[in-house]
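These are my notebook entries on a single chain. I looked up its fold, its confidence, and then its charged and buried residues in turn.

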Amino acid sequence: PDLVLDQLAHAAETPPTSVLGAGEGRVAGGMWKPAGRRGAAERVHGVAELGVRMAQERLELARVESGQLPLHPIEVDLRALLEQELEIVRPRAAERDLEIHLQIPADLRPVRADVERLHQVVANLLDNAVKYATPGDPVILAVENGVQNVEISVSNGVGQHPPDVERIFDRFYRGDPSRPSAGGVGLGLSISRELVTALGGRLWAELEGQRLRVRMTLPAQTQLLLGPV
């Protein structure tokens, strides 16, 4: 695993990064005729940027699968975290004529998780919902208290092209090849599933009629008793 990680780390930083720098140089004024310079340079830059992102995500996936990604679980205020993520994604949702509804209990329990990685997972789930939701059909982010865990779900309409829920977390899976990937590299859900598993939870998907529902459980924070009882 160490050799694989070293190779992926090298790939994340060498050829794509070099091409990225070359693209930036040509945007500023490089070797091609002025008429085509900017467009060609921007295409080179975009491809290189995608390559860097893919290499970085492959490296991250390899690290979490091998247990080498450090996690720092603490008590997390889930309401505050979800509201923060919603503020980030709402402008993109509005561009696609999508509303996002938050359904959350008043007595929501805190969860135990790594804050940075939980932000990453929630952002991935919301980003996918906004990218592939049926325009005009709301995205619903819902939370429920369980006995020993808290469940978070994100649901969205899928129209005539429902994804294969058995494959949706596979690497590079795309449910509708005719739809643009919007710059994604197809590893976000794979990484999210591995992160949730590492945090002691579970991530899966279900189809409910014409809606996709991605469900996640996380351990609820337990109160530790200090001193004699």
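**Entry 1. Overall layout.** I began with the order of elements along the sequence, which reads α-α-α-β-α-β-β-α-β-β-α-β-β. The count comes to six helices and seven strands. The model is a predicted one, and I therefore looked up the confidence before any local detail, since pLDDT is the predictor's own confidence in each residue. I also noted that buried residues account for 38% of the 229 residues in the chain. Of the contacts between residues at least 6 apart in sequence, 72% join residues at least 24 apart.

**Entry 2. Confidence.** The mean pLDDT of the chain is 77, and 62% of the residues score at least 70. I asked where in the chain confidence is lowest and where it is highest. The lowest mean, 46, belongs to helix α1 (residues 2–13), and the highest, 97, to strand β4 (residues 139–145). Residues 1–15 have a pLDDT below 50, yet the model gives this stretch 18 contacts beyond near neighbours in sequence. Residues 224–229 also stay under 50, and for them I found zero contacts beyond four places in sequence.

**Entry 3. Salt bridges.** How many salt bridges does a search of the whole structure find? It returns nine. I examined three of them individually.

The first pairs Asp 127 with Lys 131, with the closest N and O atoms 3.2 Å apart. Both residues lie in helix α5 (residues 115–132), four residues apart, which is about one turn of the helix. This spacing is as expected, because an α-helix has 3.6 residues a turn, so residues three or four places apart point the same way.

The second joins the side chains of Glu 151 and Arg 213 at 3.5 Å, N to O. Here the pair links distant parts of the chain, with Glu 151 in strand β5 and Arg 213 in strand β7 (residues 211–219), 62 residues apart. Glu 151 and Arg 213 are both buried.

The third is formed by Arg 167 and Asp 170, whose closest N and O atoms are 4.0 Å apart. Arg 167 counts as partly exposed because its relative accessibility is 42%. Asp 170 is likewise partly exposed, at 33%. I then looked for shared partners, and salt bridges of that kind join Glu 151, Glu 206, Glu 208, Arg 213 and Arg 215 into one network.

**Entry 4. Ser 153.** I next looked up Ser 153, which lies in strand β5 (residues 149–157). Is Ser 153 buried or exposed? Its relative accessibility is 4%, so Ser 153 counts as buried. Leaving aside residues up to four places away in sequence, Ser 153 touches Ile 140, Leu 141, Ala 142, Arg 213, Val 214 and Arg 215. With one of these, Arg 213, the side chain of Ser 153 makes a polar contact of 3.4 Å. Arg 213 thus appears again here, having been noted above as the salt-bridge partner of Glu 151.

**Entry 5. Rings.** My search for aromatic pairs in the structure gave zero. A charge over a ring is present, however: the charged end of Arg 202 sits over the ring of Trp 204, 4.0 Å from its centre.

**Entry 6. Helix α6 and the loop after it.** Which residues of helix α6 (residues 188–198) are buried? I recorded Gly 188, Leu 189, Ser 190, Ile 191, Ser 192, Leu 195 and Val 196. After α6 comes Gly 200, with a positive phi near 85 degrees. Gly 200 lies in the loop between α6 and β6 (202–208). It counts as exposed because its relative accessibility is 55%. The C-alpha atoms of Gly 200 and Leu 218 are 6.6 Å apart in space, although the two residues are 18 apart in sequence.

**Entry 7. Asp 97.** Most residues other than glycine have a negative phi. Asp 97, which is not a glycine, has a positive phi of about 60 degrees. Asp 97 is placed in the loop between α4 (78–95) and β2 (100–103). With a relative accessible area of 55%, Asp 97 is exposed.

Terms used
Residues are numbered from 1 along each chain as its sequence is written. This is a predicted model: local features need pLDDT of at least 70, side-chain atom pairs count only at pLDDT 80 or more; totals for chains, interfaces and linings use all residues. Side-chain values use heavy atoms; hydrogens and water are left out. pLDDT is the predictor's confidence in each residue, from 0 to 100. Helices (H or I, at least four residues) and strands (E, at least two) are DSSP runs, numbered from the N terminus. Contact means heavy atoms within 4.5 Å. Rings of Phe, Tyr and Trp (its six-membered ring) pair if their centres lie within 6.5 Å; planes under 30 degrees apart count as stacked, over 60 as edge-to-face and the rest as tilted. A charge sits over a ring if NZ of Lys or CZ of Arg is within 6 Å of the ring centre and within 35 degrees of the ring normal. Buried means under 20% relative accessible area, exposed over 50%, partly exposed in between (1.4 Å probe, protein chains only). A polar contact is a pair of N or O atoms within 3.5 Å; within protein, one must be able to donate a hydrogen and the other to accept it, and residues adjacent in sequence count only if both atoms are side-chain atoms.
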